[in-house]
Amino acid sequence: MNKKTGYLFIIILGLIPLLIWLGIEPIGSRFSNFTGAMINLGRISALVGTSFFALAFLLNTRLKFLENLFSGLDEVYKAHHIFGTSAFILLLFHPIFLSVQYLAISANSAAMFFIPSFEKTAISSGIIALSIMAVLLLITFFVKLKYHVWKFSHKFLGLAFLFAIIHVLLISSDITRSNLLEGYMIIMLLIGSFSFLYKTLLYDLLKKKKRFSVEKVMKLNDNVVEVVLKPETKIKKYKAGQFIFVGFEQKELREEHPFTISSAPSENNLRLTIKESGDWTKKLKDIKVGTNVFVDGPYGNFYAKNNLDQIWIAGGIGITPFLSMARDLKTQSKVDLFYSVRETKDAVFIDELNKISDKNLRVHIFYTLHGKKLDIEDILKNTEIKNKEIFICGPKKMMFNLKKQFLSKGVDKKKIHAEEFGLL
Amino acid sequence: MKITKILAGIAFLIFFIFLSIIFITGVLLYKPNSPGSATQNSSTYSGGSIILNMTEISKHNNVNDCWLLINNKIYDVTSFISSHPGNSQTILVNCGKEST
């Protein structure tokens with residue numbers, strides 16, 4: 001399924017209240033004078049903004065159907081980000097539009113409109129909701145917090161949503177005049193609430209069921225370790241190229257992080273190949289054998305769905321999905337792997353890859369130490385790019401550049417797959 | 001995701017500036033009439049009816065307290081708003097105003 005399906009799905013769900021609303025009263029009478037038009041813009045921004053706010057919670061749940069709709073969990077998180085931001089912008093404009101009617105009377109009455117008080121519970125709860133939302137999202141955008149601190153702060157958007165619910169249910173508006181609109185908005189509010197409760201409360205209980213333990217930790221070089229996880233019962237079926245969320249039952253390592261599985265699906269254990277890139281991954285090196293591990297997954301859409309020949313391009317630690325694929329190599333399609341690393345010591349798996357390589361898997365290694373980056377010409381020198389599935393995993397900038405170069409050579413966008421971890 | 005960051009930043013900036021202007025002009029620079037002088041200046045009593053001026057009327061401008069000025073007479077329509085068959089907003093917009 002194309003990722004557009006997912007976006008379309010959310011946009012339609014967000015715009016349905018607008019359609020119902022337009023059916024309540026002819027648009028002509030709503031926009032006949034300036035103040036009326038402003039009030040109605042305020043209502044539109046509220047209806048669509050609240051729906052997107054609720055759907056942003058849904059997009060944070062990792063439910064399987066979302067991953068299918070968006071063809072990949074990374075895209076679901078991207079959508080969570082986009083629709084959450086859209087909700088914020090729309091809801092910021094909601095009171096601005098509504099205050100115009102008071103501004104027409106006096107600046108003082110408009111100012112009073114923005115001051116919460118106990119007498120006007122409905123409006124006040126809206127003000128509180130928007131204030132919480134503004135603080136938390138400004139932190140998200142403009143303050144660089146430690147990941148776990150940010151994640152904790154972000155949970156309080158649930159509180160903002162609670163006040164938004166109170167506001168929507170108490171305020172006298174078009175919602176109170178149309179049962180259909182009221183019903184739809186209540187469904188939206190329920191979707192948001194259940195998604196939030198599921199993700200913050202239930203999810204932690206559910207994931208405890210999928211238990212693994214640390215079997216082995218191996219240092220591969222200065223900053224790359226391989227962690228072997230042994231399942232308590234059985235590993236859930238996965239495809240080479242997919243990833244899991246992992247949290248360890250040890251102080252400061254509980255926070256779950258996403259990692260590509262680097263072992264082949266036929267193996268009895270899960271292997272993760274992890275590069276040190278922050279506090280969390282730094283501590284991981286010293287994890288003790290036997291530590292309990294919570295695993296959530298598999299997720300991801302980074303695998304071939306046909307038998308066409310393939311091009312794999314790995315930048316640095318971006319080799320991990322291809323390790324799994326190489327170890328799982330089926331003989332139907334021919335593969336060219338381009339492995340770009342800084343210098344020899346970074347090419348941690350080159351020996352194993354060379355061993356696997358045969359007429360079906362050709363391995364090309366590139367060193368970027370002297371400034372020359374792997375580009376499309378390097379690939380064209382070694383292989384054809386027509387009618388092949390192209391997989392790229394590496395630093396953001398590298399993926400962006402290569403994607404652009406492939407497109408400029410006339411490669412179909414649908415054939416280029418890039419694994420992005422930036423948002424998880 | 002830089003674009004969403006920029007858009008959210010701009011939206012908040014607009015919101016912030018808008019609110020600042022409203023609060024500066026509406027609260028800091030706002031000089032309310034003292035209650036005594038207000039009645040004296042704005043409303044006069046003549047022959048069994050109270051004459052109110054527009055400043056007095058314009059205070060009754062919301063859902064919970066809505067006066068309409070129709071043919072030079074004041075109507076308190078607060079209780080009527082919720083039962084108005086059409087869009088209650090058509091009344092609300094005119095609260096505290098001349099709406100003949």
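Are D336(A) and K388(A) buried or exposed? In this predicted model, D336(A) is buried, as is K388(A). The two side chains meet in a salt bridge, with an N to O distance of 3.8 Å. D336(A) belongs to strand β8 (residues 335-341) of chain A, whereas K388(A) is placed in the loop between α15 (376-382) and β10 (389-393), so the contact ties together parts of the chain that are 52 residues apart in sequence. A network is also present, in which salt bridges with shared partners join K372(A), D375(A), D378(A) and K381(A).

Over all chains, the search of the whole structure returns 21 salt bridges. Side chains of opposite charge can pair when their charged atoms come close. One of the salt bridges connects K151(A) with E255(A), at 3.2 Å from N to O. This pair links distant parts of the chain, 104 residues apart: K151(A) is in helix α8, and E255(A) is in the loop between β3 (243-248) and β4 (257-260) of chain A. E255(A) has a relative accessible area of 23% and is therefore partly exposed, since the buried class is restricted to values under 20%.

A salt bridge within a single helix is formed by E67(A) and K64(A), whose closest N and O atoms are 3.1 Å apart. Both residues lie in helix α4 (residues 64-70) of chain A, with a spacing of three residues, or about one turn of the helix. The two partners fall into separate accessibility classes: E67(A) is buried because its relative accessible area is 5%, while K64(A), at 45%, is partly exposed.

Aromatic contacts were examined next. A pair of aromatic rings is described by the distance of the centres and the angle of the planes. The count comes to 26 aromatic pairs over all chains. Among them is the pair of Y147(A) and W150(A), which is tilted, with 6.1 Å from centre to centre and 40 degrees between the planes. Helix α8 (residues 147-154) of chain A holds both residues, which are three residues apart, about one turn of the helix. K151(A), the salt-bridge partner of E255(A), is likewise placed in helix α8. Y147(A) is partly exposed, its relative accessible area being 32%. W150(A) also counts as partly exposed, at 24% relative accessibility. Elsewhere, Y7(A), F52(A), F70(A) and F83(A) make up one aromatic cluster.

On the surface, K4(A), K403(A), K413(A) and K414(A) form a positive patch. Of these residues, K413(A) is located in the loop between α16 (396-408) and β11 (416-418) of chain A. K413(A) counts as exposed because its relative accessibility is 61%, and the exposed class requires a value over 50%.

Another exposed loop residue is Q332(A), with a relative accessible area of 53%. Q332(A) lies between α13 (320-327) and β8 of chain A; strand β8 is also the element that contains D336(A). The C-alpha atom of Q332(A) is separated by 51 Å from that of M185(A), the two residues being 147 residues apart along the chain.

Notes
Residues numbered from 1 in each chain as written. Chains lettered and ligands numbered in written order. Predicted model: local features only at pLDDT ≥ 70, side-chain atom pairs only at ≥ 80, totals over all residues. Heavy atoms only, no water. Patch = residues over 30% accessible without salt bridge, like charges linked within 9 Å, V, L, I, M, F, W, Y side chains within 5 Å. Areas by Shrake-Rupley, 256 points an atom, 1.4 Å probe, with all protein chains shown as cover. Salt bridge = Lys/Arg side-chain N within 4 Å of Asp/Glu carboxyl O. Lys, Arg positive; Asp, Glu negative; His and termini not counted. Charge placed at Lys NZ, Arg CZ, Asp CG, Glu CD. Helix = DSSP H or I, 4+ residues; strand = E, 2+ residues; numbered from the N terminus. Buried < 20%, exposed > 50% of the residue type's maximum accessible area, 1.4 Å probe, protein only. Phe/Tyr/Trp six-rings, centres within 6.5 Å; stacked < 30°, edge-to-face > 60°.
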